[in-house]
Amino acid sequence: MLFDTPAPASPLLQNLNPEQLAAVTLPAGNALILAGAGSGKTRVLTTRIAWLLQTGQVSPGGILAVTFTNKAAKEMLARLTAMLPINARGMWIGTFHGLCNRFLRAHWKLAGLPSTFQILDTQDQLSAIKRLMKQFNVDEERFPAKQTQWFIAGAKEDGLRPRDVETRTDDDRKKVELYQLYEEQCQREGVVDFGELMLRSYELLRDNDPVREHYQRRFRHILIDEFQDTNRLQYAWIKMLAGQTVEGRFVPGDNSVLAVGDDDQSIYAFRGARVGNMADFVREFEVTHQIKLEQNYRSYSNILDSANALISHNKKRLGKNLRTDQGPGEPVRVYESTSDFAEAQWMVEEMRQLVRDGIDRKEMAVLYRSNAQSRVIETALFNAAVPYRVYGGLRFFERAEIKHALAYLRLLENKDDDTSFLRIVNFPPRGIGARSIEQLQDAARAAGRSLHDAVAAVGGKAGANLSAFVAKIDVLREQTQGLSLREIIELVLQHSGLIEHYRSEREGADRIENLEELVNAAESFVTQEGFGRDAVAMPVDELRQSPASQGLDPNLPITDEPLAPDAETGETMSPLAAFLTHAALESGDNQAQAGQDAVQLMTVHAAKGLEFDCVFITGMEEGLFPHENSLSDHESLEEERRLMYVAITRARQRLYLSHSQTRMLHGQTRYNVKSRFFEELPETALKWLTPKNQGFTPSAFGYGGGYASTRGGSYGSSKESFASPPVPPQKAAPSHGLRSGMQVFHNKFGEGTVLALEGSGDDARAQVNFPRHGIKWLALSVAKLTPV
DNA sequence: TAGATGTTAGTTTTT
DNA sequence: CTAACATCTA
């Protein structure tokens, strides 16, 4: 046996494999768990917490467990309460942002925030930035608001305030200036964005010794899920809670940090995630225990072998190999189609067969690299009347009508929230146009006040209209005092005129339905167990509670110390404030019609953490997957490979990979070669449904005569080849005579390989990989390319 | 102020 | 090719 662990004494520890058991029962100290896909990571994490509690090593108040998504946090909590009859309230289990919010609600004064601070989501943040840029006459051509937003969010992810950002160019300086102005605006309005929640919490911990020491003493065990996805700031935040930096050197504290992650599943570098945190963690936290969970309980070995072989092409790895006790299972099926249309058509037929073989549609997933690819697939499924569900897109709290209603509610809470003010000042229309608003903004700027407060300074008809609006809000605020959350929302919906407005709109019925759903959401928020956990701050109560009062062993070490200076701020939030927080931090499931047996469509990113019996990975082409923007540098190509690794490991039983010779993109037909990832998969695990290495010959490879499907295996077998699907108009072969995969010669760059072709006639372009000069796009009307 | 028309970009995304 | 956005005209 690998680990010398005592026989499981507790029923908690039964049925754990040796590595899992070792991880669950690790002694105090810092440790890293490398948890492969499908290796029972969540189980280990929750059992670890349960075991710590049950063996009296820690009280619930001493636990800090951090995840990235609300879903993961909820699942952890649910599993934990199923394992142990404990009061989960004292535990800090939640997302980074949820916990930071909780922390800031408790210490708002020390953090320099109003007690009613509101949270800006990404949309709100963008509109706040646009407003700011207009106000300061920033050229939006040179500084697109989106880019400014990206810059600010990126800086915060790295823990940088404006003065910390290095500037080289004038553009940099301008961006930093905007960052500074944005900060001042947010501060004035009493709002914080997602990054700010993290950064403020971090800075308060860093700058306030009593607060930091309190929480350091309190959280004996810190557990972090998906550690490979942490950004610089999140890692720094953890260090703040679990150690000291002495003369620039980090010294781990005496609490225990358990980081769980998988470097091979790091797919969020583009939003600031830093896999390097894993190696840094091992070094800086002087990790003595590293455990690899490599036993996979999800997939058959053909699938795992494919995943292992693929990911072995990455250089930067901590090293890990998944294994399973299940047999080889079915081969990984590979299909080549002539067009994206045909690819979708084939998939629909295949799915129908799977349904006939008794597979639930909800156990089938179609994964693609980018959202744009879903369209063709949706059309094919729709035409074939196959129920499907697309992940992604607007979530409940992001819908316009919901955001409008929330803006009213937010203004009741915080009158200075100008973003909310502007959203609804003329919605529904009440005769307040751009001119009036401009006047108001000028007045507000002059007085250094919020829009709400500056209304009195605007005269004339505009002023009257504005005053009427503000009066309405103020009256609503009065009227809603003491009402229940449900009553507040109902009253606001009525008096805002939103319902009425949507009633007169053609497409309004859905929106009204959603607004009614908002009342329900609030209702269940109040009654459900969710209330009071994530959103409401009650740290003072918790802190003053002794472990004994939580129904635990009174001999446990007391970890709850009296709180730092502004402890008096621990008053419970109003249900409205809590609900608004909830709305901002948890944009709502986007499970529109959950429960229906529908095929699941989503990007590979969205599929992380999920699993399905049958998985189709589509669009396996150079330029798409790996994405063309990732081809130029090694780092991002490795991330693409990890993405493919994530995609493969979603499948339990059956995996399909498909690629198409042509694909409509941006309204033009592109000619693609199959993905390089095919070359990185083990031939023995694959089964080519279409002849391998079929060159690109549009006319020679038609529809219908494709292949005789000879499925075997667990789903029974079917023999018939497909009925010919409708034949779409076939594109003529391109006139330039080039094909993907061809070797060509260029006068300047020399010999190269054609990777992709797009456009036709004068617009035709070719993407060519020149070994000495890299990958280039060349306009065929200009560049002379001769086939070698 | 609103609807109409033009313009432009177009990976991946949770909080 | 679209969808989202911005600008223009009734």
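The legends below accompany close-up views of a predicted model of a protein with DNA strands B and C.

**View 1. The protein surface around DNA strand B.**
Let's start with DNA strand B, which has 26 residues around it. Those that come nearest are Thr122, Arg369, Asn371, Gly433 and Thr603. Sorted by class, the surface near this strand has 15 polar, eight nonpolar and three charged residues. Among the atoms of DNA strand B that lie within 4 Å of the protein, sugar or phosphate accounts for 51%, and bases make up the rest.

**View 2. Polar atoms meeting DNA strand B.**
Here we zoom in on particular atom pairs. The side chain of arginine 369 places an N or O atom 2.5 Å from a base oxygen of DNA strand B. Two backbones approach phosphate oxygens of the strand. For glycine 433, a backbone N or O atom is 2.7 Å from a phosphate oxygen of DNA strand B. For isoleucine 432, a polar backbone atom and a phosphate oxygen of DNA strand B are 3.1 Å apart.

**View 3. The protein surface around DNA strand C.**
Which residues surround DNA strand C? They are Lys130, Arg375, His666 and Gly667. By class, two of the residues on this surface are charged, two are polar and none is nonpolar. Sugar or phosphate contributes 36% of the atoms of DNA strand C within 4 Å of the protein, with bases supplying the rest. For a detail to look for, find arginine 375: an N or O atom in its side chain sits 3.1 Å from a phosphate oxygen of DNA strand C.

**View 4. Histidine 666, a loop residue with positive phi.**
Histidine 666 appears again here, as one of the residues around DNA strand C. Its place is the loop between strand 16 (residues 651-665) and strand 17 (residues 668-672). Its phi is near 55°, a positive value in a residue other than glycine. With the protein chains alone considered, histidine 666 counts as exposed because its relative accessible area of 75% is over 50%.

**View 5. Alanine 385, another residue with positive phi.**
As background, most residues other than glycine have a negative phi. Alanine 385, though not a glycine, has a positive phi near 60°. This alanine is found in the loop between helix 14 (residues 374-383) and strand 13 (residues 388-390). Is alanine 385 buried or exposed? Alanine 385 is exposed, with a relative accessible area of 65%.

**View 6. Two cis peptide bonds before proline.**
Most peptide bonds are trans. In this view, the bond from phenylalanine 427 to proline 428 is cis, with omega near -5°. Proline 428 belongs to the loop between helix 16 (residues 418-424) and helix 17 (residues 434-447). The peptide bond from phenylalanine 625 to proline 626 is also cis, and its omega is near 10°. You will find proline 626 in the loop that runs between strand 15 (residues 612-617) and helix 26.

**View 7. Helix 12 packed with helix 26.**
Helix 12 (residues 301-311) and helix 26 (residues 634-648) have axes 9 Å apart. The angle at which they pack is about 175°. That angle is over 145 degrees, so the two helices count as roughly antiparallel. On the helix 12 side, the residues that meet helix 26 are Ile303, Ser306, Ala307, Leu310 and Ile311. Their counterparts in helix 26 are Arg641, Arg642, Met644, Tyr645 and Ile648. By class, this contact has seven nonpolar, two charged and one polar residue.

**View 8. Glutamate 343, a buried residue in helix 13.**
Helix 13 (residues 340-356) contains glutamate 343. Glutamate 343 counts as buried because its relative accessibility, 2%, is under 20%. Its side chain makes a polar contact of 2.6 Å with the side chain of serine 658. Leaving aside neighbours within four places in sequence, glutamate 343 is in contact with Ser337, Thr618, Gly619, Ser658, His659 and Arg663.

**View 9. Leucine 223 and its surroundings.**
Leucine 223 lies in strand 6 (residues 221-224). This leucine is buried, with a relative accessible area of 3%. Beyond its neighbours within four places in sequence, leucine 223 is in contact with Leu45, Arg48, Ile49, Ile63, Leu64, Ala65, Val66 and Leu258. From C-alpha to C-alpha, leucine 223 and valine 287 are 14 Å apart in space, and 64 residues separate them in sequence.

Note on methods. Residues are numbered from 1 along each chain as its sequence is written. Chains are lettered from A and ligands numbered from 1 in the order in which they are written. This is a predicted model: local features need pLDDT of at least 70, side-chain atom pairs count only at pLDDT 80 or more; totals for chains, interfaces and linings use all residues. Side-chain values use heavy atoms; hydrogens and water are left out. A residue is near a molecule or strand if one of its heavy atoms lies within 4 Å of it. A polar contact is a pair of N or O atoms within 3.5 Å; within protein, one must be able to donate a hydrogen and the other to accept it, and residues adjacent in sequence count only if both atoms are side-chain atoms. Ala, Val, Leu, Ile, Met, Phe, Trp, Tyr, Cys and Pro count as nonpolar, Asp, Glu, Lys and Arg as charged, and the others, Gly among them, as polar. Helices (H or I, at least four residues) and strands (E, at least two) are DSSP runs, numbered from the N terminus. Buried means under 20% relative accessible area, exposed over 50%, partly exposed in between (1.4 Å probe, protein chains only). Contact means heavy atoms within 4.5 Å. Axes are lines fitted to C-alpha atoms, for helices over the stretch in contact, and angles run from 0 to 180 degrees between N-to-C directions. Angles under 35 degrees count as roughly parallel, over 145 as roughly antiparallel, 65 to 115 as roughly perpendicular and the rest as oblique.
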